[in-house]
Amino acid sequence: VSGFLEDMALMITKLTLAALMLSLLSAKCTASSLSGTNEQDAESLRVLKSAGLTGDDLQRAARAMSAWVVETRRELHQNPELMYDLNVTTSIVRRLLNELAIPFEFPVGKAGIVGHVGSGLPPVVALRSDMDALPVHEIPDDETRVFASLTPGRMHACGHDGHMSMLLAAAKLLKEREGMLTGTVKLVFQPAEEGGAGGLAMALDGVLEKPHPVSMMFGMHLWPWIPSGTFALKEGPMLAAAGTFEVAVRGKGGHAAAGIGVDVVDPVVAASAIVTQLQSIVSREVHPNEQAIVSVTRINGGDAYNVIPNEVVIGGTLRAFSRDVYNLIERRTKEIMEFTARAHGCTVELRFTSFADDCLAAKGLPAAFASGCTYPPVVNDDDAVRLAREVAKTVVEQDRVLEAKATMGGEDFAYFAERIPSAFIYIGIGNETKRTTAGLHSPNFKIDESALPLGAALHASLAVRALAERGGIKDLSKADL
């Protein structure tokens with residue numbers, strides 16, 4: 001027994017030492033990895049400092065052009081256009097790019113513009129802005145009335161005018177420093193974000209591959225729900241996959257009293273049952289650790305109080321933070337609609353948007369559908385967020401860089417983020433004193449324009465930092481004497 005216990009004690013000692021060695025080796029590897037990252041960061045910052053391209057340098061330069069940024073934004077705000085029909089908008093953007101001597105391609109992805117600053121050679125980093133407005137009638141206040149929308153029923157109520165002005169200002173900053181760029185910055189001005197999947201159109205047109213592959217991409221959105229002058233971002237899901245559905249529930253109409261039990265098949269009752277049953281999908285079929293939305297937002301049927309209609313139409317939206325969960329709730333939505341209708345003696349015609357790349361060519365869709373496309377979720381790349389967070393802290397104070405909260409809104413920047421490492425960032429414009437806290441898509445939406453130079457500086461700083469990490473910035477400290 002004594003010998004057995006001694007053997008066991010020796011074995012335990014050896015196992016403990018082995019575990020300790022593995023732990024030390026793991027810690028060493030982690031430290032080595034962190035050290036490598038820190039060394040890379042330090043080298044990139046040294047190169048940027050020598051070139052006068054730090055976040056602080058670019059922030060001061062952006063503030064010096066504040067009047068230009070605001071003037072640009074206001075001209076764009078006065079001329080809101082929808083989807084791909086952006087004749088005035090694109091003419092303004094192209095005029096300004098020409099004035100800055102920045103070459104560009106147009107049209108890309110039906111109505112997009114792609115500018116280039118730098119050498120035209122790899123590495124390539126892309127910055128993106130959307131361009132389209134919304135079918136919203138603006139309600140200006142005393143301050144905004146002088147540059148309010150000139151087109152009744154159309155408004156830049158989602159901040160895309162601000163996005164364009166920030167990217168154009170970043171383009172100006174970069175062009176003035178172009179001699180320091182040995183890589184290239186792509187300036188992507190995208191149409192049809194508001195449901196038209198313009199991001200997909202541009203991606204399919206090769207914006208991320210031609211003439212050289214894009215290594216990393218950044219997008220921004222003005223955000224009234226965080227304080228003006230702050231930035232917010234996070235790793236992983238940032239915005240949801242977003243799609244639309246419409247179902248026609250068909251029965252057999254007739255008199256609401258005399259027809260019952262004779263030859264009437266009531267689609268109103270079937271539609272009501274469908275709406276009720278859909279509420280069980282998220283609560284009983286989606287894992288509690290996941291998030292999803294199945295919302296019915298439209299019900300139309302019947303024209304008289306004493307007539308059961310032939311048809312009831314239900315419409316709504318589906319949302320989830322992953323394709324897998326979205327596919328689950330879409331499949332179950334379709335099954336519930338089909339089988340519930342059948343149980344009530346009715347038939348259904350289903351119309352759903354799709355993740356498929358050919359969704360832009362979908363036919364026979366309801367007029368209310370902006371396109372046939374389901375937007376994928378916007379999922380931020382960890383390394384892109386790491387870079388963006390570090391850069392943001394060089395443009396504003398560290399406590400002004402916030403952790404973003406994921407939202408169930410949809411954003412077709414997802415088409416870029418699915419293809420290459422990307423980060424999507426919120427730019428705070430919320431200011432109670434300036435009354436800039438109205439939500440996106442509101443007729444009262446208003447921008448705190450003092451945030452625009454910060455967004456421009458962040459755009460430019462992200463581009464040069466990403467290039468520096470890939471050897472795309474001239475190192476003056478090693479220049480030939």
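The expected span of a helix is 1.5 Å times one less than its number of residues. The exercises below apply this and similar rules to a predicted model.

**Exercise 1. Helix α5**

Task: Compare the span of helix α5 with the expected value, then decide how enclosed α5 is.

Solution:
- Step 1. Helix α5 covers residues 160-176, which gives it 17 residues.
- Step 2. From first C-alpha to last, α5 reaches 24 Å. The expected value is also 24 Å, and the two are close.
- Step 3. Buried means under 20% relative accessible area. In α5, 15 of the 17 residues are buried, so the helix is largely enclosed by the rest of the structure.

**Exercise 2. The sheet**

Task: Give the strand order of the open sheet of 8 strands and find its edge strands.

Solution:
- Step 1. The order reads β1-β2-β4-β3-β5-β16-β6-β15, and the pairing is mixed.
- Step 2. Strands β1 (104-108) and β15 (401-403) each pair on one side only, which makes them the edges.
- Step 3. From one strand to the next, the twist averages 25°.

**Exercise 3. One strand pair and its helices**

Task: In which sense do β5 and β16 pair, and over how many bridges? Then place helices α12 and α4 on the sheet.

Solution:
- Step 1. Strand β5 spans residues 214-227 and β16 spans residues 422-430. They pair in the parallel sense over 8 bridges.
- Step 2. Within this pair, W223 stands opposite G428 in β16.
- Step 3. Helix α12 (residues 452-468) packs on the sheet. It touches β3 (124-130), β4, β5, β6 (231-233) and β16. Its direction makes about 155° with that of β5.
- Step 4. Helix α4 (residues 87-99) lies across β1, β2 (112-118) and β4 (184-190). It runs at about 165° to β1.

**Exercise 4. Residue S422**

Task: Is S422 buried or exposed? What does its side chain reach?

Solution:
- Step 1. S422 lies in strand β16.
- Step 2. Its relative accessibility is 0%, so S422 counts as buried.
- Step 3. The S422 side chain reaches the backbone oxygen of I420 at 3.0 Å.
- Step 4. Leaving out residues up to four places away in sequence, S422 touches M217, N380, D381, A384, F413, F416 and A417.

**Exercise 5. Backbone checks**

Task: Where do the prolines of the cis peptide bonds F106 to P107 and K210 to P211 lie? Then place A101 and K110, two non-glycine residues with positive phi.

Solution:
- Step 1. The F106 to P107 bond has omega near -5°. P107 lies in strand β1.
- Step 2. The K210 to P211 bond has omega near -10°. P211 lies in the loop between α6 (198-204) and β5.
- Step 3. A101 has phi of about 60°. A101 is found in the loop between α4 and β1.
- Step 4. K110 has phi near 80°. K110 sits in the loop between β1 and β2.
- Step 5. Exposed means over 50% relative accessible area. At 53%, K110 counts as exposed.

**Exercise 6. The whole chain**

Task: Describe the protein chain by its elements, extent, burial and contacts.

Solution:
- Step 1. The chain holds 12 helices and 16 strands.
- Step 2. Its C-alpha trace spans about 95 × 95 × 45 Å along the principal axes.
- Step 3. Of its 481 residues, 51% count as buried.
- Step 4. Take the contacts with a separation of 6 or more. Residues 24 or more positions apart account for 79% of them.
- Step 5. The accessible surface comes to about 21400 Å². Carbon and sulfur atoms hold 56% of that surface.

Notes: Residues numbered from 1 in each chain as written. Predicted model: local features only at pLDDT ≥ 70, side-chain atom pairs only at ≥ 80, totals over all residues. Heavy atoms only, no water. Pairing = 2+ DSSP bridges. Helix = DSSP H or I, 4+ residues; strand = E, 2+ residues; numbered from the N terminus. Axes fitted to C-alpha atoms, helices over the stretch in contact; angles between N-to-C directions. Contact = heavy atoms within 4.5 Å. Buried < 20%, exposed > 50% of the residue type's maximum accessible area, 1.4 Å probe, protein only. Areas by Shrake-Rupley, 256 points an atom, 1.4 Å probe, with all protein chains shown as cover. Polar contact = N/O pair within 3.5 Å; in protein donor to acceptor, adjacent residues only side chain to side chain.
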